[in-house]
Amino acid sequence: MTAMETPVGYGRMHRKEDARFIRGHGNYVDDITLPGMLHGAVLRSPYAHARIVSVDTTAAEAHPKVRAVITGETLAGLNLAWMPTLSNDVQAVLATDKVRFQGQEVAFVVAEDRYSARDALELIEVEYEPLPPVVDARKALDEDAPVIRDDLEGRTDNHIFDWEAGDSDRTDAVFAAADVVAEQDMLYPRVHPAPLETCGAVAEMDKITGKLTVWTTTQAPHAHRTVYALVAGLPEHKIRVVSPDIGGGFGNKVGIYPGYVCAVVGSIVTGKPVKWVEDRSENLMSTSFARDYHMHGEIASTKDGKILGIRVRVLADHGAFNGTAQPTKFPAGFFSVFTGSYDIEAAHCSVTGVYTNKAPGGVAYACSFRITEAVYLIERLVDVLAFELKVDPGQLRMRNLLRPEQFPYQSKTGWEYDSGDYPRTLQLALEMAGYDRLRAEQAERRELTASGQSKDLMGIGVAFFTEAVGAGPRKHMDILGLGMADGAELRVHPTGKAVLRLSCQSQGQGHETTFAQIVAEELGIPPDDIEVVHGDTDQTPFGLGTYGSRSTPVSGAATAVVARRVRERAKIVASAMLEVSPDDLEWEKGRWFVKGDPEAGKSIQDIAMAAHSSLELPEGVEGHLDATCVYNPPNLTYPFGAYICVVDVDADTGQVKVRKFVAVDDCGVRINPMIVEGQVHGGLADGVGMALMQVMAFDEDGNHLGGSFMDYLLPTSMECPSWELGETCTPSPHHPIGAKGIGESATVGSPAAVVNAVIDALKPYGVRHADMPLTPAAVWCAAHGRPLRT
Ligand code: CDP
């Protein structure tokens with residue numbers, strides 16, 4: 001097949017979505033305009049921690065274009081001042097008692113246009129009594145630390161939870177007997193998903209029908225609808241959540257933000273539709289951050305490099321409200337997958353969550369619930385061990401990787417990895433990179449730098465990752481009590497064209513294309529004849545949405561199952577058409593035919609027409625050609641990959657240039673390899689950004705220092721090399737089409753590869769570790785043994 005023929009099933013195919021996106025016909029929340037629509041704007045706190053003495057809205061209300069000013073007091077009267085977070089905490093919609101982070105929502109103005117709403121914010125007078133903030137998570141549990149959440153009854157400190165996984169005694173025993181123990185403190189800094197489209201909502205309450213419609217930037221429309229119903233006490237069938245095109249989500253659009261609720265209240269109060277769309281600074285300052293894990297890791301091995309155990313302590317900074325996103329039973333997400341891809345004897349981790357005066361969040365930014373932190377930890381630890389043992393990090397990994405015959409593999413912290421051939425994947429990456437040649441070049445370079453002839457350092461970073469995606473089995477996984485199964489509905493029209501309705505929600509991943517391809521593969525209907533409907537709770541079955549690369553593992557499986565159900569129904573119709581027993585029929589793509597007589601067959605299109613006709617069907621068989629399914633995944637899927645990064649570092653300036661990046665991913669069966677590669681490209685760029693330039697920084701007063709893209713840097717093509725991608729395929733044994741998720745693999749695996757490469761470049765300076773982001777200043781300070789002043 002040439003690159004861009006349209007396949008009937010899996011294969012490279014341009015995205016159906018591109019027709020509207022590249023012509024500027026995407027339909028985003030801010031594109032929605034309704035008759036009589038008003039505009040909302042949020043007044044935000046300038047302080048990280050302060051008591052609210054008074055809020056005076058008189059002048060704002062007098063503004064000629066202002067229709068309503070809503071405060072925490074207004075919401076308290078409606079019992080809406082607080083709302084639940086994704087982690088069973090509560091978060092202020094508009095502050096009533098205190099502000100707890102800079103940028104927190106204090107008041108909401110509804111006006112006739114966006115500019116007037118913004119102008120009127122300046123007319124609101126808020127008197128604050130500043131309080132000392134908790135900025136450093138490591139001081140949050142100090143005895144004299146100010147208590148941030150004094151709204152919670154009986155709360156006397158900033159502690160949120162303690163959680164552990166693995167076998168502590170066994171791990172201690174393994175460590176006590178080990179030849180070598182290496183340990184390292186490391187920080188996975190607070191970063192932000194920074195989708196290009198910020199968050200927003202248009203809310204319309206129809207007072208006649210009592211129906212609320214909310215067009216909003218949500219990765220989980222059905223879950224949002226249920227939360228609106230529970231929080232506002234509105235009947236769920238009277239709520240419609242529509243998520244139109246979304247310009248990136250990356251976890252940022254999973255939770256419900258105060259602005260959404262304010263838009264709804266604004267519409268109820270004014271009787272008009274209300275639009276609220278935040279600006280870039282608001283998005284960066286107040287919506288969900290990711291990571292912020294202070295980790296202490298230890299790794300034990302024999303003296304010849306057999307890894308025996310891993311022990312980890314984590315302090316997790318969750319900000320002012322515990323809004324971290326993960327299934328309920330997993331307060332630290334899937335961090336306990338930190339044993340990574342290695343065959344070890346014992347492991348244990350303990351995680352403590354604390355409140356600080358920063359924005360709430362802890363979302364799974366392009367990863368499955370804290371797996372990025374876990375992969376970074378283990379992949380840095382393996383390099384630290386290689387440093388101590390003075391062995392090659394590539395060889396050390398190869399020696400310790402799980403072997404194919406160990407699958408399904410029970411990890412020491414309770415996960416069952418479904419399938420994998422890790423050595424093959426690493427071997428391919430090493431070959432593609434020309435690893436031995438690179439090491440030889442590095443040795444030559446080091447001689448030149450050692451003799452003072454050059455200041456150009458070269459580093460080679462290796463990382464191997466295992467992800468756990470597709471949350472998840474209902475008996476283990478729910479969010480706010482909602483089980484993580486996904487629905488799918490497939491209807492084939494009389495003329496053989498089909499409509500697939502899904503609960504997951506694309507944010508640019510090409511679902512309208514790939515999910516049509518799954519149906520095409522199963523039924524032989526061309527993908528262009530299959531419409532994929534998503535993002536509208538009135539039009540689609542219930543399900544928990546798209547994050548944590550769960551669409552393909554869960555909704556993709558639902559799609560395959562529903563298509564197979566249609567195929568079975570088509571078999572019965574075909575048997576009636578051909579007047580043979582269903583048992584005498586055989587399937588080939590797109591048609592049922594009589595075994596031994598291939599000419600006697602009926603295409604799926606013919607069958608669809610017959611299913612809607614007067615053809616007599618066997619007793620009890622309904623006509624039409626459609627099916628529904630709710631897919632409850634038996635397990636997660638475990639994609640994996642081997643990444644090799646080569647960097648050049650200027651010893652004088654600390655400037656890092658990523659020269660080469662080889663990424664070999666295994667996500668099982670690939671539905672659309674072109675889309676998979678696009679997902680990997682994006683994730684690799686993300687990794688370069690996190691490793692080298694991104695951090696949500698705060699000063700000691702809790703002022704946010706990264707409120708624009710001038711300060712919070714996104715990687716561009718200038719910072720990225722031409723990615724070199726490879727592939728192995730180990731199908732998932734429990735997924736109907738053998739596919740594993742891919743959306744986030746590269747974001748998960750790449751930061752460690754880049755950091756390992758930079759630290760490797762600094763090896764001649766005796767550097768064993770430095771924290772992200774490895775800015776020129778951080779690299780220079782590490783090389784010269786100076787503390788980095790942040
Ligand atoms: O949940 P999310 O869509 O973010 O992640 P995903 O399920 O990993 O899918 C990302 C995109 O890659 C979707 O369009 C998938 O259908 C596609 N994909 C694929 O073509 N083959 C795979 N094995 C996995 C994903």
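Which backbone atom of I671 lies 3.1 Å from a nitrogen atom of the ligand, and of what kind is it? A backbone N or O atom of I671 does.

This is a predicted model, where local features need pLDDT of at least 70, side-chain atom pairs count only at pLDDT 80 or more, and totals for chains, interfaces and linings use all residues. Residues are numbered from 1 along each chain as its sequence is written, and side-chain values use heavy atoms, with hydrogens and water left out.

**View 1. Backbone contacts to the ligand.** Besides I671, look at N672: one of its polar backbone atoms is 3.0 Å from an oxygen atom of the ligand. G743 joins in with a backbone N or O atom 2.8 Å from a ligand oxygen. For reference, a polar contact is a pair of N or O atoms within 3.5 Å; within protein, one must be able to donate a hydrogen and the other to accept it, and residues adjacent in sequence count only if both atoms are side-chain atoms. On its own the ligand has 510 Å² of accessible area, and the protein covers 99% of that (Shrake-Rupley method, 1.4 Å probe; for residues, only the protein chains shown count as cover).

**View 2. The shell around the ligand.** Here 23 residues surround the ligand, the closest being Q509, H511, S551, T552 and I742 (near means a heavy atom within 4 Å). The shell splits into 8 nonpolar, 12 polar and 3 charged residues (Ala, Val, Leu, Ile, Met, Phe, Trp, Tyr, Cys and Pro are nonpolar, Asp, Glu, Lys and Arg charged, and the others, Gly among them, polar). Helices α13 (511-523), α14 and α16 (673-692) each chip in at least two shell residues (DSSP runs numbered from the N terminus: helices are H or I, at least four residues, and strands E, at least two).

**View 3. α14 against α15.** The axes of α14 (residues 551-578) and α15 (residues 604-611) come within 9 Å and cross at roughly 80°, so α14 is roughly perpendicular to α15 (65 to 115 degrees). Axes are lines fitted to C-alpha atoms over the stretch in contact, with angles from 0 to 180 degrees between N-to-C directions. A570, V573, A574 and M577 of α14 meet I604, D606, I607, A610 and A611 of α15 (heavy atoms within 4.5 Å).

**View 4. A cis peptide bond.** F407 to P408 is cis, with omega near -5°; P408 lies in the loop between α10 (393-400) and β18 (409-410).

Conventions:
Angles under 35 degrees count as roughly parallel, over 145 as roughly antiparallel, 65 to 115 as roughly perpendicular and the rest as oblique.
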